[in-house]
Amino acid sequence: MTTQTTTSMTPTAVEAPPVIELRDIHVSFKARTGTLLRADVVNAVNGVSLAVRRGETLGIVGESGCGKSTTAKVLLGLQKPTSGQVLFRGEAIAHRNAAARKRIGRVVSAVFQDPSTALNSRMLIRDALRDPLDVHGIGTAHSRQERVRALVEMVGLPASALDVLPTQLSGGQRQRVAIARALALEPDMIVADEPTSALDVSVRAQILNLLLDLKNELGLSLVFISHDIQTVHYISDRIAVMHGGRVVEEGPADHIMATPDHPYTRKLLGAAPSLLHPELATKNRSAQ
């Protein structure tokens, strides 16, 4: 059973449709069990309902295999649900054709765990950042170059980074490029799936703060996915705890951390120490 904590909302917030909403999403796969004649059905996501409003951060937390990455793929239009509805700005979208996926790509962008997989190792950074603009036919050649220069500045990289290959950058710098690329089309929302887990502890702090700053400056919505509940708490307004393909608890981040209702949430809180930099772990979130 899902435990949900609700807070009062202003009439304006209630009237505005979420940037994205999942309604009773199920995703099932057929998995071979070692015989040629039998395939078991694996329910990766089982009845997930979530909504993300403009300018808020929803953290999704859970252990490996809980369904959070599959949920991220549904949010991005990369995974068609077995059943259920995905709504963008209140309108149902079918994940069935290239046009629908392209439309979703203008609304929602992704930042993944390993930026090396998202960046072509043989493509200069300037070309990697211009590529989404080229694909969607946005602007002129000159305006695209100006946008590319603005993007690297936005994520705290020098202009000289435009003329190097991804392999010439550090892991943290590559993740900044991946974030810049996610911002290229001016999306309403970014889905960040374990974006800091492959980075050194001190670099994680920089990337988290960059995401927070960009979210606030640009009015973005953010879905932040991690197995570390302390990191999720630091960056999120609300937290959804996933276990066994379901959302077992959802509510304001501070409430979830202070008074968790579900046993699995309490287990996460009592498990491994936080992957946060010590400075972030003790930072007063209200001062952000």
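Select P17 to begin, and show the residues around it: leaving out those up to four places away in sequence, P17 touches R53, R89 and G90. In this predicted model, P17 is found in the loop between helix 1 (11-15) and strand 2 (20-32), and with a relative accessibility of 44% it counts as partly exposed. If you draw a line from the C-alpha atom of P17 to that of R54, the two are 8.8 Å apart in space, although 37 residues separate them in sequence.

From P17, move to R89, one of the residues that P17 touches. R89 sits in the loop between strand 5 (83-88) and strand 6 (91-92), where its phi is near 55°, a positive value in a residue other than glycine. Its relative accessibility is 49%, and because exposed means over 50%, R89 counts as partly exposed.

For another residue of this kind, select E186, which has a positive phi of about 55° although it is not a glycine. E186 belongs to the loop between helix 7 and strand 8 (189-193), and at 62% relative accessibility it counts as exposed.

Now zoom out to the whole chain. The protein has 12 helices and 11 strands, and of its 288 residues 47% count as buried. Among contacts between residues at least 6 apart in sequence, 71% join residues at least 24 apart.

I60 offers an example of a contact across the sequence. Select it in strand 4 (residues 57-61), where I60 is buried with a relative accessible area of 0%. The C-alpha atoms of I60 and A240 are separated by 4.9 Å, while the two residues are 180 apart along the chain. Leaving aside neighbours within four places in sequence, the residues in contact with I60 include L50, V223, F224, I225, A240 and M242, and also K68 and T71.

K68 and T71 lead on to helix 2, in which both are buried. Is helix 2 (residues 68-76) largely enclosed or open, and why? Seven of its nine residues are buried, so the rest of the structure largely encloses this helix. To see them, select K68, T70, T71, A72, V74, L75 and L76. Just after helix 2 comes G77, a residue whose phi is positive, near 80°.

Next, look for the nonpolar cores. In soluble globular proteins, nonpolar side chains tend to be buried together. Here the largest nonpolar core has 46 residues, and those with the most contacts inside it are L129, I179, I235 and I239. Helix 8 (residues 201-218) supplies the largest share of this core, seven residues. A second, separate core of 29 residues includes V19, I20, I25 and L75, the last of which is also among the buried residues of helix 2.

Stay with I239 for a moment and display its surroundings. Not counting neighbours within four places in sequence, I239 is in contact with several residues, among them L58, G59 and V61, as well as V232, H233, I256 and M257.

L129, another of the residues with the most contacts in the largest core, takes you to the packing of helices, where it is one of the residues of helix 5 that meet helix 6. Select helix 5 (residues 125-135) together with helix 6 (residues 141-154), whose axes come within 9 Å and cross at roughly 125°. That angle makes helix 5 oblique to helix 6, and the crossing is right-handed. On the side of helix 5 the residues to show are R126, L129, R130, L133 and D134, which meet R144, Q145, R147, V148 and V152 in helix 6. By class, this contact has four nonpolar, one polar and five charged residues.

Finally, keep helix 5 selected and replace helix 6 with helix 7 (residues 171-183): here the axes come within 8 Å and cross at roughly 25°. That makes helix 5 roughly parallel to helix 7, and this crossing, too, is right-handed. The contact is made by I125, A128, L129, D131 and P132 of helix 5 and by V177, A180 and R181 of helix 7. Its classes are six nonpolar, no polar and two charged residues.

Terms used. Residues numbered from 1 in each chain as written. Predicted model: local features only at pLDDT ≥ 70, side-chain atom pairs only at ≥ 80, totals over all residues. Heavy atoms only, no water. Core = buried A, V, L, I, M, F, W, Y, C linked by side-chain atoms within 4.5 Å. Buried < 20%, exposed > 50% of the residue type's maximum accessible area, 1.4 Å probe, protein only. Helix = DSSP H or I, 4+ residues; strand = E, 2+ residues; numbered from the N terminus. Contact = heavy atoms within 4.5 Å. Axes fitted to C-alpha atoms, helices over the stretch in contact; angles between N-to-C directions. Parallel < 35°, antiparallel > 145°, perpendicular 65-115°, else oblique. Left-handed = near helix turned anticlockwise from the far one by under 90°. Nonpolar A, V, L, I, M, F, W, Y, C, P; charged D, E, K, R; others polar.
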